[in-house]
Amino acid sequence: MELFLFIISIIIFILFVYRLYPWLRYRLPPGPYPWPIIGNLLDVKPDRCRCFAEWSKIYGPIMSVWIGSSLNVIVSNSELAKQVLKDCDQQLANRHRPKAVAIISKGGTDLVWADYGAHYVKVRRVCTLELFSPKRTEALRPIREEEVRAMIASIFKDSTNSSNSLVLRKYLGSVAFNNITRLVFGKRFESEEGVVDGQGLEFRAIVANEFKLGIPQGLVEHISWLRWIRWLGDDEAFTKHLAHKDGLTRAIMEEHKAKSMKSGVVKQHFVDALLSRREIHGLSEDTIMGLLWNMITAGMDTVAITVEWAMAELVMNPRVQHKAQEELDRVIGLNRGMNESDTLNLPYLRSVAKEALRLHPPTPLMLPHKANAHVKIGGFDIPRETIVSVNVWAIARDSSIWEDPLEFKPERFLQRDVDIGGHDFRLLPFGAGRRICPATQLSINLVTLMLGQLLHHFEWTPPLGVRSEEIDMTDSPGLVNYMRTPLQIVPTPRLPAQVYERV
Ligand code: HEM
């Protein structure tokens, strides 16, 4: 019995010293009291960006939060965001890869989950030069315009078939899916009637399964010495998933190789760009496949989420909706639809897109970074291996920066231009620095085009009997910020019928 009590006391002592060690050694940012073993895991509310924003009012704009045994530091003001994403950018440019992510990303041989280093620099360069160069973005413009036109045609058909409201997410999801699969793989898996073919269904199942497998499985995922528990019996699911995904990707890659050999023409899609430049850049098959899938997972939901939130705000704020429509009518007229090149002449519409990304950034805490060296932020120690997040959601609602921060007022960007591409640390929906979203310009183009087309072709109102204030504007917590209740609204065509015929 005595021996047993002695062992227990030793264990408690070790845990105590283990927990205290970082505090004795470093000056860590303040934060809520962490419980032994679990830290603040049970205190963090599912809506993390909101929870951290509330805590920052108590503990300040830089906070320590312990998720199990991992130290997370969250910064919530623009000055500290600049320190993270500019001054200490290189030292904070690694990624945290939970075990599931490490397996799916094959140890970070892709881009999104790669640590900062020679591999990352090489792959990121490929992205900048080959996939998101202004030339490539322009060459792929017809895909974006066709897909957005197809969405308008489909909404028009459904709006004239019934006077009821429609669930906008269905249409936005289709544009996002078709645009990204065409951009990346050069394939449209969905027919004009909206039927997804066998390969497309396989593709969707892989995306859904990857999300499921990647979700941290409760407590054990966050406690370093308990992590092995989760892996009992799980390996098979991952092996099967990776084999399925690699099989489908290889088949598509082979189709492309065969087609370009036969025709002698290399197309503009990402898969062709990577395969044709593979030797020059020294890319392994795993890296090419990882990159292609990164684009699918990072690019599919983000654009649709942004447009859904923007449309909800526009239905809640008819004044803004009508002002954007008045600009579209004046610049484009009533006899044709909008093209991407029209955006240049539509400053109010561009401000609407910016304002939506300010209030509703789809990744409100960005993707967490990880320290590859010890640094100081805001005078506090950030030890190596710390996971660092910037609460871009909170910064975009900071009343010391923004006038009436919770109001949807695109005019604020007409009065003073605020860069959205990572140069102004008050507005960071795409991040900033080395790891900024490589698809920033492409995404802004697509979001603005989708909004412009939706507003030009239709008047949008809440369903009969629903007041605009009753629209559920709460978000569904997660890595990406969906609207909790899919937006349901009524489109009323506002252009002459022949414009839709042409669509
Ligand atoms: C409105 C749309 C989008 C928003 C708001 C957005 C936002 C972001 C953010 C915040 C990050 C993390 C930055 C960081 O870690 O510091 C990111 C990374 C990334 N995004 Fe986007 N994104 C959007 C659309 C897209 C699209 C359409 C694609 C691909 C076609 C894409 C591809 C990527 C990739 C590959 C990364 C990882 C970059 C890296 O780790 O170096 N994103 N995005």
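In this predicted model, helix α5, which spans residues 118-131, packs against helix α13, which spans residues 285-316, at an angle of about 60°, and the two axes lie 12 Å apart. That angle makes α5 oblique to α13, and the crossing of the two helices is right-handed. On the α5 side the contact is formed by H119, V123, C127 and L131, which meet T287, L291 and M295 of α13. Sorted by character, the residues of this contact comprise five nonpolar and two polar ones, with no charged residue among them.

The pair of helices also takes part in the surroundings of the ligand, since α5 and α13 each supply at least two residues of the shell. The largest share of that shell comes from α13, with five residues. In total, 25 residues surround the ligand, and the closest are R95, Y120, R124, H369 and C437. By character, the shell divides into 15 nonpolar, seven polar and three charged residues.

Several side chains place a polar atom at a short listed distance from an oxygen atom of the ligand, as set out below.

| Residue | Side-chain atom | Ligand atom | Distance |
|---|---|---|---|
| R95 | N or O atom | oxygen atom | 2.8 Å |
| Y120 | N or O atom | oxygen atom | 2.5 Å |
| R435 | polar atom | oxygen atom | 3.1 Å |

Of the residues in the table, R95 and Y120 also belong to the closest residues around the ligand. Y120 falls within the residue range of α5, 118-131, and its side chain has an N or O atom 2.5 Å from a ligand oxygen atom.

Technical notes
Residues are numbered from 1 along each chain as its sequence is written. This is a predicted model: local features need pLDDT of at least 70, side-chain atom pairs count only at pLDDT 80 or more; totals for chains, interfaces and linings use all residues. Side-chain values use heavy atoms; hydrogens and water are left out. Axes are lines fitted to C-alpha atoms, for helices over the stretch in contact, and angles run from 0 to 180 degrees between N-to-C directions. Helices (H or I, at least four residues) and strands (E, at least two) are DSSP runs, numbered from the N terminus. Angles under 35 degrees count as roughly parallel, over 145 as roughly antiparallel, 65 to 115 as roughly perpendicular and the rest as oblique. A crossing is left-handed if the near helix is turned anticlockwise from the far one by less than a right angle, and right-handed if clockwise. Contact means heavy atoms within 4.5 Å. Ala, Val, Leu, Ile, Met, Phe, Trp, Tyr, Cys and Pro count as nonpolar, Asp, Glu, Lys and Arg as charged, and the others, Gly among them, as polar. A residue is near a molecule or strand if one of its heavy atoms lies within 4 Å of it. A polar contact is a pair of N or O atoms within 3.5 Å; within protein, one must be able to donate a hydrogen and the other to accept it, and residues adjacent in sequence count only if both atoms are side-chain atoms.
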